[in-house]
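Trainee: I should like to understand the terms used for a structure of this kind. May we go through them in order?

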Amino acid sequence: MSAEHATPHLSTREYIELEERYGAHNYHPLDLVIERGEGVWVHDVEGRKYMDCLSAYSAVNQGHCHPRILETLREQAAKVTLTSRAFRNDQLPHLYKALRDISGLSRALPMNSGAEACETAIKLARKWGHTVKGIPEDRAEVIVFENNFHGRTISLISFSSEPRYRKGFGPFTPGFTVVPYDDVEALRRAITPNTCAVLMEPIQAEAGVLIPKDGYLKQVAALCRENKVLFMVDEIQTGLGRTGKMFAFQHEDVRPDAIVVGKALSGGFYPVSAVMADDEVMGVLQPGEHGSTYGGNPLGCAVARTALDVLRDEKLVERSATLGQAFLARLKTLQSPHIVEVRGRGMMVGIELDIPARPACEALMAEGMLCKETHDFVIRLTPPLVVTQEELDWAFERVKKVIEAL
Ligand SMILES: *Cc1c(COP(=O)(O)O)cnc(C)c1O
């Protein structure tokens, strides 16, 4: 490497200054600069070490820089990385098979970001609504839920109920009905003959780990079936083991018509997302009607397949269930007048406070633990699923110290 290409070593303050000067200010990160990660741990440029309890919003369920995924990335990067879908590649069919195996849905459509996959699901639903259900063209409605998070594109923020995500970004995309979450009757009232789909997070993670009542998903699925409406779940954050099942909808005995995945599908190495659905839904797309230059590229497909293999071979879904349950039980014993609720499923825990959670996250950072407040009042704890019991014990002591000092 020539000298001018070597990355200069700057201090935390200098990196932050550069970022503030030259970047868009669309995030408010904690003030540390990470240069390296391994498993559940990350290291900053000052040589400090932290336990990552955000896991890049659950994209690194397999842990940072998982050696097997890294090996696949290296091998595939040296073979071929991008063919475009103008040609076929030898990696995509293997990913299709792997996605079919985990979902039971017969087909998949690969994209890159989670937002793109959600957009894809909506396009599929609208087209299915018109061509299969017989909804008049341009009249299809998709029902979504208050406090949803599906991504940042214009169409996805069009039905956000979070003012910050929307303000100033209009005009918005029509065709969405927003109803309260965890309220079957509200959903029933919102369904019309033009409803083509319900798009739902089985647990609302960004909203602050909001878990619906037992039986809700089942009732929603039944309502969808009765009305010939597609039941589509966004499992981008809740899926791939995070909540103690491969998919969060599996906590109830339902079978969605479409599943959207992203984030941990690549274990944090590379953006890979996908929509899975059966023939009747996926079959509405004809050549030329939808696509993505990078979607389904061989590098992403190879990485995703190994990322899924790691989930299976290291029993990360089972670990999430058992270690997560014990972690949650311990966190529920925390004593603080500021705790409103401690809730969670698998290795996704939210501690809701009656005061802003940011100072607690900053105090946790000082203790060597990285968390990010969500929706201002909730500390979300979502360590990589490779976390050990000893590491969780360590984390618990930190959380206890910080919370009980609030
Ligand atoms: C992160 C997330 C998305 C958006 O994914 P991006 O890759 O950031 O576009 C969509 N839905 C849910 C539930 C998410 O957590």
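Mentor: Let us begin with residue classes: Ala, Val, Leu, Ile, Met, Phe, Trp, Tyr, Cys and Pro count as nonpolar, Asp, Glu, Lys and Arg as charged, and the others, Gly among them, as polar. This is a predicted model, in which local features need pLDDT of at least 70 and side-chain atom pairs pLDDT 80 or more, while totals for chains, interfaces and linings use all residues. Residues are numbered from 1 along each chain, and side-chain values use heavy atoms, without hydrogens and water.

Trainee: What makes up the shell around the ligand, by class?

Mentor: The shell has three nonpolar, five polar and three charged residues. Among the residues around the ligand are F149, H150 and E201; a residue is near if one of its heavy atoms lies within 4 Å.

Trainee: Why is the pair formed by Q237 and the ligand called a polar contact?

Mentor: A polar contact is a pair of N or O atoms within 3.5 Å (within protein, one must be able to donate a hydrogen and the other to accept it, and residues adjacent in sequence count only if both atoms are side-chain atoms). An N or O atom in the side chain of Q237 is 2.7 Å from an oxygen atom of the ligand, so the pair meets the definition.

Trainee: Which backbone atoms lie at such distances from the ligand?

Mentor: A backbone N or O atom of A115 is 2.8 Å from a ligand oxygen atom, and one of F149 is 3.3 Å from a ligand nitrogen atom.
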